[in-house]
Amino acid sequence: MAHFRKDFLWGGSVAANQVEGGYNEGGKGLSVTDITTAGSLESPRYLTYTLDGKDGKVAGMFASSLPKGAKGKIFDNEYYPNHVAIDFYHHYKEDIKMFADMGFKVFRTSLPGRGFSQPVKKTSQTRKGWTSTAESLKN
């Protein structure tokens, strides 16, 4: 039977788009995940957007699904499950502590796609998005 080496590092991971929360805080700007609606077996997930003053939605989960020139938009009558998710944005310290409490020595996360779904108007929006991610990993 094979065994792991003593210095093997056990760890866990999360995907930013599944955990982040805090979608409209810190001036981060909208990501594709932020404009993706809930879906079901009967109904696909949609990306909601505005283009030339008209609101629209298109089935899909990737920026390439959006019409050229469209800008992501949040609609009051849609449900966006990733706006809260597990709210890692506000609870990252407790969440990462749970990994440590399980004996994990390594933590991996993907980076949120802030500002990738549409041009960011200010460099500070992207900087704030990355800063919030980096801040969560400091401790």
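Helix 2 tucks five of its residues away: Phe88, Tyr92, Asp95, Ile96 and Phe99 are its buried ones. Keep in mind as you look that this is a predicted model. Why might buried positions in a helix come at such intervals? An α-helix has 3.6 residues a turn, so residues three or four places apart point the same way. For His91, which also sits in helix 2, the label is partly exposed, because its relative accessibility is 32% and buried means under 20%.

Helix 2 isn't a straight rod, either. It covers residues 88-101, 14 residues in all, yet its end C-alpha atoms are only 17 Å apart, where a straight helix would reach 20 Å. Where does helix 2 bend? Look at Glu94: the helix turns by about 35 degrees there. Just past the end of helix 2 you'll meet Gly103, whose phi is positive, at about 90 degrees.

**The wider chain**

Stepping back, the protein chain has three helices and five strands. Walk along the sequence and they come in the order β-α-β-β-β-α-β-α. The chain has 139 residues, and 32% of them count as buried. On the outside, about 9200 Å² is exposed, with 57% of that supplied by carbon and sulfur atoms.

How much of the contact network links residues 24 or more positions apart? Among contacts with a separation of 6 or more, such pairs make up 62%.

**Aromatic rings**

Now for the rings. How many aromatic pairs does the structure hold? There are seven. One of them joins Phe4 to Trp10, an edge-to-face pair with 4.9 Å between the centres and 70 degrees between the planes. Trp10 also pairs with Phe8, again edge-to-face, at 4.9 Å centre to centre and 70 degrees between the planes.

How open to the outside are these residues? Phe4 counts as exposed because its relative accessibility is 55%, and the cut-off for exposed is over 50%. Trp10, at 46%, is partly exposed. Phe8 is partly exposed too, with a relative accessibility of 38%.

Helix 2 comes back into the story here. Phe88, Tyr92, Phe99, Phe104 and Phe107 form one aromatic cluster. Of these, Phe88, Tyr92 and Phe99 are among the buried residues of helix 2.

Another ring has a charged neighbour: Lys57 lies over the face of Tyr46, 4.6 Å from the ring centre.

**The loop leading into helix 2**

Between strand 4, residues 71-72, and helix 2 there's a loop, and Ala85 is in it. Asp87 belongs to the loop between strand 4 and helix 2 as well. What do the backbones of these residues do? Ala85 has a phi near 45 degrees, which is positive even though the residue is not a glycine. Asp87 isn't a glycine either, and its phi is positive at about 60 degrees.

Is Asp87 buried or exposed? Asp87 counts as buried because its relative accessibility is 16% and the limit for buried is under 20%. Ala85, at 30%, is partly exposed.

**Far in sequence, together in space**

Some residues that sit well apart along the chain can be compared by their C-alpha distances. Here are three such pairs.

| Pair | Sequence separation | C-alpha distance |
|---|---|---|
| Ser43 and Ala59 | 16 residues | 9.2 Å |
| Gly21 and Ala85 | 64 residues | 5.4 Å |
| His91 and Glu20 | 71 residues | 9.4 Å |

Gly21 and Ser43 have a home in common. Gly21 is found in the loop between helix 1 and strand 2, and Ser43 is placed in the loop between helix 1, residues 16-19, and strand 2, residues 46-51. Which of the three labels does Gly21 get: buried, partly exposed or exposed? With a relative accessibility of 1%, Gly21 is buried, because that value is under 20%. Ser43, at 30%, counts as partly exposed.

So what does the Gly21 and Ala85 pair connect? Gly21 sits in the loop between helix 1 and strand 2, while Ala85 sits in the loop between strand 4 and helix 2. The C-alpha atoms of the two are 5.4 Å apart, across 64 residues of sequence. From helix 2 itself, His91 has its C-alpha 9.4 Å from that of Glu20.

Technical notes. Residues are numbered from 1 along each chain as its sequence is written. This is a predicted model: local features need pLDDT of at least 70, side-chain atom pairs count only at pLDDT 80 or more; totals for chains, interfaces and linings use all residues. Side-chain values use heavy atoms; hydrogens and water are left out. Helices (H or I, at least four residues) and strands (E, at least two) are DSSP runs, numbered from the N terminus. Buried means under 20% relative accessible area, exposed over 50%, partly exposed in between (1.4 Å probe, protein chains only). Contact means heavy atoms within 4.5 Å. Accessible areas come from the Shrake-Rupley method with a 1.4 Å probe; for residues, only the protein chains shown count as cover. The expected span of a helix is 1.5 Å times one less than its number of residues. The bend at a residue is the angle between axes fitted to the seven residues ending there and the seven starting there. Rings of Phe, Tyr and Trp (its six-membered ring) pair if their centres lie within 6.5 Å; planes under 30 degrees apart count as stacked, over 60 as edge-to-face and the rest as tilted. A charge sits over a ring if NZ of Lys or CZ of Arg is within 6 Å of the ring centre and within 35 degrees of the ring normal.
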